[in-house]
Protein chains: 2
Amino acid sequence: MTTPEPADALLNHIRKFIALSDDEATFLLDHVQFKTLRNKDFLLKAGDVCHENFFIVQGCVRMYMHIDNGTEQIIQFAIDNWWMTDYMSFDHQKPAQFNIQAVEPTQVVVFSRSAQDVVFEKIPRLERYFRIILQRAYSASLMRIHFIYNQTGEARYQQFTRLFPDFVQRVPQYMLASYLGFTPEFLSKIRAKKG
Amino acid sequence: MTTPEPADALLNHIRKFIALSDDEATFLLDHVQFKTLRNKDFLLKAGDVCHENFFIVQGCVRMYMHIDNGTEQIIQFAIDNWWMTDYMSFDHQKPAQFNIQAVEPTQVVVFSRSAQDVVFEKIPRLERYFRIILQRAYSASLMRIHFIYNQTGEARYQQFTRLFPDFVQRVPQYMLASYLGFTPEFLSKIRAKKG
DNA sequence: TTTCGTTCTTGAACTAGATTAAGTTTTTTC
DNA sequence: GAAAAAACTTAATCTAGTTCAAGAACGAAA
């Protein structure tokens, strides 16, 4: 099985939600760029204004923040077919709070704020696509808050490994711990228990 | 100062984000209902399919879930000028996980799923409005996850009272505790410290 | 193969917050 | 305005998860 063309990955995903004529697809593709990232390459650094939205064709990126004690807090991962950006910065064109960085070799589609304005003007239906995407992302993040509040760290880890067994292999454990909201030491302890 | 007409409250809010002609406004208003809730009235009960999105004109509602031990987990509050629904249920037309209930006398605009389909068809620009709203709700909920992970319960309470001093008065403390992710007993302790 | 940096593990001491169980105050209802 | 219900407080005990500190394993580079 071959890796899909980045352009096809994007169009296929959009067409799961809205109809898009060939002309519209061409217009859209004329307004995006394709980019290949190595591990640890940055898409956004905290403090910079975020001018782009990113669609992950293949690979994995993380959104994170530096906190007080010199450590990092991972807010989110994005894998194949997810959009990721710092919407706060993207929307208001103010300095970003978050970093966005590849955690493995990753292919992305880059959709700039200015391109978005042009494309939405020409293809208003595309707003619908993003509305639906955001609706899902939003409700997923509310469910995540629910789980954070009502499950122990251990239960969250078990659930995560059950839902994304392959993904757990792809990122270092300390990143997983940060994403799940506890320390790497505690994750080690959880794993030790069931070996 | 008089309470704004519900219809005006909705139109004013929409017009902060997109242009809306008088004809479009009329068309939209023909497809929504207005509803007045008493304290504890339900907009949605877990298990039912959610067919509506709600705009809070004035008042306050909470979204919550029953959990294992007979207690309740509050996921979200919505006050004036916020939309609230169970997007998971609304989107897929599956049974809702959440309850949505008034916590004080509240006026809402009811925008049904079927009306939404009709209205989006006629006024595609409105998708833009919801896209922007959702973008903000989503990024706010990511920030919330960040704070849950990186601040103590006490710090979250202090921050919340600083940001929404009037709101703290409006809801019972046990609801605030649940929203902030700790027990009512712990909230009592925090408050005792600084009296 | 050695070296260096990064990631992972283990254990002991500690703390934020939960739980349980009364008791008290406030609000609602008849 | 009494009774019942709902909301809040206090204190003792308990635990999930942190912090600190050291060492072990792994991987990349040279």
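In the predicted model, a phosphate oxygen of DNA strand C lies 3.0 Å from an N or O atom in the side chain of Thr183(B). A second phosphate contact of this strand involves the main chain of the other subunit: a backbone N or O atom of Tyr174(A) is placed 3.1 Å from a phosphate oxygen of DNA strand C. A base is also approached, with an N or O atom in the side chain of Lys189(A) at 3.4 Å from a base nitrogen of DNA strand C.

DNA strand C is surrounded by 17 residues, and both protein chains are represented among the closest, which are Gln173(A), Ser188(A), Gly153(B), Thr183(B) and Glu185(B). Of the atoms of DNA strand C that come within 4 Å of the protein, 69% belong to sugar and phosphate. At least two residues of the surface near DNA strand C come from each of four helices, namely α8 (173–180) and α9 (184–194) of chain A and α6 (153–163) and α9 (184–194) of chain B. The largest share is that of α9(A), which gives five residues. Sorted by class, the surface near DNA strand C consists of six charged, six polar and five nonpolar residues.

For DNA strand D, the count of surrounding residues is 16, and the closest are Gly153(A), Thr183(A), Gln173(B), Tyr174(B) and Ser188(B). Sugar and phosphate make up 72% of the atoms of DNA strand D found within 4 Å of the protein. Chain A reaches the phosphates of this strand through both main chain and side chain. A backbone N or O atom of Gly153(A) is 2.6 Å from a phosphate oxygen of DNA strand D, and a polar side-chain atom of Thr183(A) is 3.0 Å from a phosphate oxygen of that strand. From chain B, a backbone N or O atom of Gln173(B) lies 3.0 Å from a phosphate oxygen of DNA strand D. Two or more residues of the surface near DNA strand D are supplied by each of α6 (153–163) and α9 of chain A and α8 (173–180) and α9 of chain B. Here α9(B) gives the most, with five residues. The surface near DNA strand D comprises six charged, five polar and five nonpolar residues.

The two protein chains superpose with an RMSD of 0.0 Å when chain A is turned by 180° and shifted by 0.0 Å along the axis. The chains are therefore related by a two-fold axis. Both copies use the same surface in their contact, as 100% of the contact residues of chain A recur in chain B.

Chain A contains nine helices and eight strands. Its C-alpha atoms occupy a box of roughly 55 × 40 × 30 Å along the principal axes. The radius of gyration of chain A is 18 Å, which agrees with a compact globule, because a value near 16 Å would be expected for one of 195 residues. Buried residues amount to 52% of the 195 in chain A. Among contacts in chain A that link residues at least 6 apart in sequence, 70% are between residues at least 24 apart.

Key: Residues numbered from 1 in each chain as written. Chains lettered and ligands numbered in written order. Predicted model: local features only at pLDDT ≥ 70, side-chain atom pairs only at ≥ 80, totals over all residues. Heavy atoms only, no water. Near = heavy atom within 4 Å. Polar contact = N/O pair within 3.5 Å; in protein donor to acceptor, adjacent residues only side chain to side chain. Nonpolar A, V, L, I, M, F, W, Y, C, P; charged D, E, K, R; others polar. Least-squares fit on C-alpha atoms with pLDDT ≥ 70 in both. Contact = heavy atoms within 4.5 Å. Rg over C-alpha atoms; globule rule 2.2 N^0.38 Å. Buried < 20%, exposed > 50% of the residue type's maximum accessible area, 1.4 Å probe, protein only.
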